[in-house]
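User: Hi! I'd like to talk through a structure with you before I head back to the bench. Could you take a look at it with me?

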Amino acid sequence: MEEQVRTEPLEEEKTTWRLSELKPGRIAVIDHLAIDGEERRRLMDLGMVPGTRVTAEFRSALGDPVAFRIRGSLIALRKVQTRQIVIKLVEE
Amino acid sequence: MSEQATTPEELLSRADALRGELGDSHSRFIEDIYQQAAEVADKVVSQTGQAGRFNLDRALDRVLTSPVWGLPIMVLMLGVVLWLTISGANIPSGWLATLLLDWVYNWLHTAFQAIAAPWWIEGFLVDGVYLAVAWVTSVMLPPMAIFFPLFTLLEDFGYLPRVAFNLDRAFAKAGAHGKQALTMTMGFGCNAAGVIATRIIDSPRERLLAIITNNFSLCNGRWPTQILIATIFIGALVPPVWSATASMLAVLGVAVLGVGLTFGVSWGLTKTVLKGEASTFSLELPPYRPPQILRTLYTSVIDRTLIVLWRAVTMAAPAGAVIWLLGNIDISGVSIAEHLVTFLDPIGWFVGLNGVILLAYVVAIPANEIVIPTILMLTLMVGRAAGADAGVMIEFDTARETASVLVGLGGWTLLTGINLMLFSLMHNPCSTTIMTIYQETKSLKWTTVATLLPVVMGLITTGAITWIARALHLV
Amino acid sequence: MEKIAVMSESNQALHPMCDGCARAQLIKMGINSGKWHFAVALAGNPNTGKSTVFNALTGLRQHTGNWPGKTVTRMEGLYKYGEYVYKLVDLPGTYSLLATSEDEEIARNFILFGRPDVTVVVVDATRLERNLNLAYQVMEIADRVVIDLNLIDEAERHGLEISARQLSRELGVPVVPTAARNGRGIDDLIKIVSDMATGQLISRPNRLKVYDSQFGQAVGEVTRSIESLYPGLPNARWVAIRLLDGDERIEKAVRTGELLNMVRGQNGDPAFALQGTAA
Ligand SMILES: Nc1nc2c(ncn2[C@@H]2O[C@H](COP(=O)(O)OP(=O)(O)OP(=O)(O)O)[C@@H](O)[C@H]2O)c(=O)[nH]1
Ligand SMILES: [Mg+2]
């Protein structure tokens, strides 16, 4: 959980962000997937390829997983997975 | 041109070599598809109006998955469905019982006597086959005709994936897959269907957890048992206005306990024989869709309720025949049923049940639906033979009259009722489900585990409760 | 991408000859076994309305539900249109032909090895971009493909306008907008499927150009090896792509010879396919 507590100024300094750190309501673009094999393929099947815009929408009642809007669909992913997805933040 | 492979092994090693040379060009292939898809979609789709519904969906999700309201709403929804089922089924159940167990039953006896049929034909057909069918119908039809449509409405609305979304973390903690929540809710209809539904779980270990624990979802054959017993023993403890609510809370308690057992057993298996990490989870949350209420009512009554009822009837008819035979074939002056019940009674007493209940669960291995008819028929036969209220014609128009049979003839107490509700939650799956488990797992070992684990748990639980109650002199 | 197959017939999807004509000729047979002339597969992402389309055409009552994964088995049903009987196959939803869960494998095996005469890809009009992934993958391996642009009523409610004609031009296959739950567009779908099955309508799916790349060459080489090892195996190209991707299950299927079993038993007794497709 500590990722969410980080304050705004850090955003400038930090160079690589993970999807797990994206706060609900914010938008990012996928940079690359830091996983291989089956899991990578699963995510790609769902439309998670580099360059895809992702919006974090809301958390589940117990805090994990989080629902993301990807190519029009709402997809729930566990944190263990989103930790492995490297993103670039998009300023609105 | 390279030479062509002539054996499968050569083919595989050549593919392997090429893969090494290629790097991740395959990923690029998928990326290309998506890029293409995005370009095409961009060209052919245009947003001309308001995207209003997305916002409504978002607002609904905010509430239904909220950290504060998400879980209470879930329990509340199940509670409301059960309350509507229990209070709505009460009156039609009474009508059906009057019609089938009173009028038609007596008319059949009159008719058989009019044609002077031998007593054993009359008994076999009317007191055996017909009675079991009539009982199963009046106990099952009304609650299922209410429960299934309500459940289908929730399903068509799009609520089930939200349940999976909300519970996922708990499943992850138990080492299980979040989609197990979906197969669990399918089990609320039928466990065999729930077991087949586990195909959506791609990790074999987690799929096995989902299969083994599906039996902790009360199925259509067990909801009516729960409802009837709760109405008789729990609903009767409070003033009549509160009876439906008290019964609902009791059944809800058992259902929620079932969900708890699903977590607990998954966790236990993960820590012992099915060791492993929770794998990944990705679930698409579909948009909420306003259900087509009339069509849902129609299809869930025709396609589900009647099909389920038909299965129950085809199971009840032979079971009724068997029970009648057990009750009417004597060995050294005492019926087989009595021999069996007398033999099982001490074991039943030890775990807070009784011989009739244990025998009923053996007879009802093919289908949970016939537990209640079997219990009632056996109680009547054995009770009467034992001399109590001999010759009294008992009517079952209301739950209270059913209660008088169980309490008066069968000697049931509140503890027996509670234990039966628990044992109904925790006992072996029906034979159809066992066969399905074998087909899906292709493993005798896991089929055996899935079959025996719940019975052992059930007997230990009811036994423990009974001995604690006895130690505290509650009974 | 230079070849743009413009099909005059596909315009019928947008301008049906007469309202209800097709429906008048449709006989929902309400049964799931018997002889048939053409096999039609219903492929698509989960929860796009495949089972709803299936029910609308066959008169059977396959369970539907608003969540991905409702259907996990292959279900067949018959309908008659004109002089031919069609076997419609409802499949579990799948996000891609590379998928690995058991339900998705059932779908994949039928699409790849079941030799359907026509493959209908049911796509969700409100999530077109994501759905096109599978459509492209199917178009890679099948020639007779129809896109059923379902849930068009929801797209309209969201203010989305989708040009079926232009989509058809981009993909090179006919596109039929439908709202299966209300029966809208089902007539057109029946008509297009029949035209394609009988060869009156030819589609030329626009495939991605991977052949000239290094990857494409590798695929070509492995495909030829597979074809000479297993003559007559449908979709050797797909098997090649999977081997290059290091799919362990396919590797195992090749090693144990189970690959051929995947093909067998997909479509029942082939003698039942009364021919009509022999082209
Ligand atoms: N509004 C609208 N709803 C539809 C339409 N077609 C299907 N639905 C609804 O969409 C949901 C999914 O439909 P299904 O037919 O079960 O989808 P499926 O593709 O078979 O789903 P899976 O078996 O899970 O892959 C159901 O709630 C249907 O009632 C349509 O054209 N319009
Ligand atoms: Mg379906």
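User: To start with, what percentage of the residues in chain A are buried?

Analyst: Happy to help! This is a predicted model, and in it buried residues make up 58% of the 92 residues in chain A.

User: How many helices and strands does chain A have?

Analyst: Chain A has 4 helices and 6 strands. Going along the sequence, they come in the pattern α-α-β-β-α-β-β-β-α-β.

User: Which residues in chain A are joined by a cis peptide bond?

Analyst: That would be D64(A) and P65(A), with omega at about 0 degrees. P65(A) belongs to the loop between strand 3 (53-59) and strand 4 (66-70) of chain A.

User: Thanks. Now the ligand: which residues come nearest to ligand 1?

Analyst: There are 24 residues around ligand 1, and K50(C), S51(C), T52(C), T71(C) and A180(C) come nearest.

User: Those carry the letter C. Why is the site described as shared between chains?

Analyst: The site is shared because the residues that surround ligand 1 come from chains B and C.

User: What is the mix of residue classes in that shell?

Analyst: The shell around ligand 1 has 12 polar, 6 charged and 6 nonpolar residues.

User: Which polar backbone atoms do oxygen atoms of ligand 1 approach?

Analyst: I can give you three. A polar backbone atom of G69(C) is 2.9 Å from an oxygen atom of ligand 1. For W67(C), the distance from a polar backbone atom to a ligand 1 oxygen is 3.4 Å, and for R181(C) it is 3.5 Å.

User: And how much of the ligand's accessible area does the protein cover?

Analyst: On its own, ligand 1 has 650 Å² of accessible area, and the protein covers 98% of that. The space ligand 1 takes up is also the largest pocket.

User: Which helices of chain C each supply at least two residues of the shell?

Analyst: Helix 2 (50-58) and helix 5 (152-157) of chain C do. The largest share, 3 residues, comes from helix 2 of chain C.

User: Let's stay with helix 2 of chain C. Is it mostly covered or mostly open?

Analyst: Mostly covered: 8 of the 9 residues in helix 2 of chain C are buried. The buried ones are K50(C), S51(C), V53(C), F54(C), N55(C), A56(C), L57(C) and T58(C). K50(C) and S51(C) may ring a bell, as they are among the residues that come nearest to ligand 1.

User: Anything to note just after that helix?

Analyst: Yes, G59(C) sits just after helix 2 of chain C and takes a positive phi of about 75 degrees.

User: Fair enough, that one is a glycine. Which residues other than glycine have a positive phi in chain C?

Analyst: R115(C) is one of them, with phi near 45 degrees. You'll find R115(C) in the loop between helix 3 (102-113) and strand 5 (118-124) of chain C. N235(C) is another, with phi near 55 degrees, and the loop that holds N235(C) runs between helix 8 (214-229) and helix 9 (236-244) of chain C.

User: Is N235(C) buried or exposed?

Analyst: N235(C) has a relative accessible area of 18%, and the cut-off for buried is under 20%, so N235(C) counts as buried.

User: Let's switch to chain B. How many helices and strands are there in it?

Analyst: Chain B has 19 helices and 4 strands. Its C-alpha atoms fill a box of roughly 90 × 60 × 55 Å along the principal axes, and 57% of the 475 residues of chain B count as buried.

User: I had my eye on M426(B). Where is it?

Analyst: M426(B) lies in the loop between helix 17 (414-425) and helix 18 (431-441) of chain B. Its relative accessibility is 2%, so M426(B) counts as buried. In space, M426(B) is 9.6 Å from S217(B), C-alpha to C-alpha, and the two are 209 residues apart in sequence.

User: What about L325(B), where does that one sit?

Analyst: L325(B) is in helix 12 (residues 293-328) of chain B. At 34% relative accessibility, L325(B) counts as partly exposed. The C-alpha atoms of L325(B) and G123(B) are separated by 9.4 Å, with the two residues 202 apart along the chain.

User: Great, that gives me plenty to look at. Thanks!

Methods: Residues are numbered from 1 along each chain as its sequence is written. Chains are lettered from A and ligands numbered from 1 in the order in which they are written. This is a predicted model: local features need pLDDT of at least 70, side-chain atom pairs count only at pLDDT 80 or more; totals for chains, interfaces and linings use all residues. Side-chain values use heavy atoms; hydrogens and water are left out. A residue is near a molecule or strand if one of its heavy atoms lies within 4 Å of it. A polar contact is a pair of N or O atoms within 3.5 Å; within protein, one must be able to donate a hydrogen and the other to accept it, and residues adjacent in sequence count only if both atoms are side-chain atoms. Accessible areas come from the Shrake-Rupley method with a 1.4 Å probe; for residues, only the protein chains shown count as cover. On a 1 Å grid over the protein atoms alone, a cavity is a set of points where a 1.4 Å probe fits but cannot get out, and a pocket is an open set with protein on both sides within 12 Å along at least five of seven lines; lining residues have an atom within 4 Å of a point. A molecule sits in a cavity or pocket if more than half of its atoms lie within 2 Å of its grid points. Ala, Val, Leu, Ile, Met, Phe, Trp, Tyr, Cys and Pro count as nonpolar, Asp, Glu, Lys and Arg as charged, and the others, Gly among them, as polar. Buried means under 20% relative accessible area, exposed over 50%, partly exposed in between (1.4 Å probe, protein chains only).
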